[in-house]
Each structure stands twice: as C-alpha cells, then as structure tokens.
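Trainee: Hi! Could you walk me through this model? I'd like to start with the terms.

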Amino acid sequence: MTGKRLLFRQLFDNISCTYTYLLGDILAKEAVLIDPVLEHAERDARIIKELNLNLKYAMNTHMHADHVTGTGQLKKILPNCKSLISKESGAKADVYVTSGDVIKFGNHQLEVVATPGHTNGCVTYIWRDQEMAFTGDTLLIRGCGRTDFQEGDPTTLYHSIHKNIFSLPDHYLLYPAHDYKGVMCTSVGEEKLYNPRLTKSLDEFVDIMKNLNLPYPKMIDKAVPANKVCGVFD
Ligand code: FE
C-alpha cells in the first residue's frame, strides 16, 4: 500500500462472510466505511475512534439481503457520519449516488459505477489512485452475486461485469463484499482468466445462473426491510 496518507483495513463478519472496508486519509483524518454489518457497528466505531479518524460516510454497495447494514447504528455512535447508497437501490440514506459520481474523503476519491444485475442498485466503487475497486456482490472471487432474488438478472450482471469491471486494467485489485472460502482479494486479470462463470459466453452464463438451485436466503425477509431504512427502525 503506497502513501503515508493512506489507511486501508479489511474487516470481516464470520456469520454472513461479509467484508467491510475502512478507507481513510490519515492526514486529513477522514474515512469512509464500505458495507458495514450491524452486529459489528461497535467494533468498527472503536477502530475509527482509536485511529483518530472522522467517519464521513457509512456506505453500501447495494441493498443487502444476507445481513443487516451497520450504517444506521454507526450514525448513532458517530453522529457526524452520513449514510450513503445508490439512488437506484430504493433504500433510504442521507446521500444518494449514481453512476459517475465521485465520493471524496480527505485527499482521496472513489468513483461510483453502476453495476446492476445482482440488484438494480448495485454499484462498484473504484479507487483509481490505489488501482483497486470494491465490487460488492457484483463480482466475487471466482464467482458472482446471485441473480435469483431481489431484482436479479443474469444478462444484466454479465454485461455490468464485462463492461465496467473487466474493462479495468488487469492489475487492478478487486475487493468483494463476501468470500466464503477465506480468500480476501483478487485482480481483474485473474478473474478474466479463472472466473468459472464469467469466462463463459453470455448464454452459458445465463444457463449456469438459472440452474444454481440455491436455497432461499435465510436472512432476506429480515434484512431487506431493515436495509431499506439503514438497518435501524426508529
Ligand atoms: Fe447482496
């Protein structure tokens, strides 16, 4: 990791296998948190306070179905922080972003790129200076998000990944919202070569995604209504 100003932390929830990312500018003392999990809001807030950072945004890559977001709870603990999600997600937040927007924290910035397909509101956050991107559930390591619930659509997902993620330089590092095998990071080049689904043609991909026969997500009936309101019912 280059630059004295930079802070990067990958945090984990072992129930939903969710990765939460803390990105910060140490000199400006400003940070953002991507995909926080409700049960870890205290943990995340403690790290942020101990590192003497101000949390500018508690943000999501999409409206999750497998865990409740920590953004609402974090706002209660860290009152200066604002929740952020894409406008297309349909969830409530203080700040709505859309494709092409830039999210600034200190001297750094993330670019918002719409990558629908797992849900309509899925976005990927690209950190150009650091040559990395946070893909949410759009692209997972050697996998991708499900397309059999919420507004899932395999054709849309396939095009989103090829157009907006596989078009990044091969060495860009990719950080997903989940991994179920303990792998923490991948790269564009690696996924273009080895992703067992996205290396296939569109027709084959659609066929794979329509025949996964996965169980109904355990948390969906609780998580989606809660995530519509930042995870906290007032
Ligand atoms: Fe998801």
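Mentor: Happy to! Strands (E, at least two residues) and helices (H or I, at least four) are DSSP runs, numbered from the N terminus. Two strands pair if DSSP finds at least two bridges between them. This is a predicted model, where local features need pLDDT of at least 70, side-chain atom pairs count only at pLDDT 80 or more, and totals for chains, interfaces and linings use all residues. Residues are numbered from 1 along each chain as its sequence is written, and side-chain values use heavy atoms, leaving out hydrogens and water.

Trainee: Cool. Which residue takes a positive phi in the hairpin of E9 and E10?

Mentor: Glu131, near 55 degrees; that hairpin has four residues between the strands. E9 (residues 123–127) runs antiparallel to E10, with three bridges, and Tyr125 has Phe134 as its bridge partner in E10.

Trainee: And what joins E10 to E13?

Mentor: Four bridges, in the parallel sense, with E13 spanning residues 173–176. There, Ala133 sits opposite Leu174.

Trainee: Why is E10 largely enclosed?

Mentor: Because five of its five residues are buried, meaning under 20% relative accessible area with a 1.4 Å probe, protein chains only. Met132, Phe134 and Gly136 cover one side, Ala133 and Thr135 the other.

Trainee: Switching topic: what coordinates the iron ion?

Mentor: His62 (NE2), His118 (NE2) and Asp137 (OD), at 2.0 to 2.3 Å. His62 lies in the loop between E4 (54–59) and H2 (71–77), while Asp137, 75 residues apart from it, lies in the loop between E10 (132–136) and E11 (139–140). Donors are N, O and S atoms within 2.8 Å of the metal (3.2 Å for Na, K and Ca), and sites may look incomplete because water is not among the atoms.

Trainee: Are His62 and Asp137 buried or exposed?

Mentor: Both are buried.

Technical notes: Buried means under 20% relative accessible area, exposed over 50%, partly exposed in between (1.4 Å probe, protein chains only).
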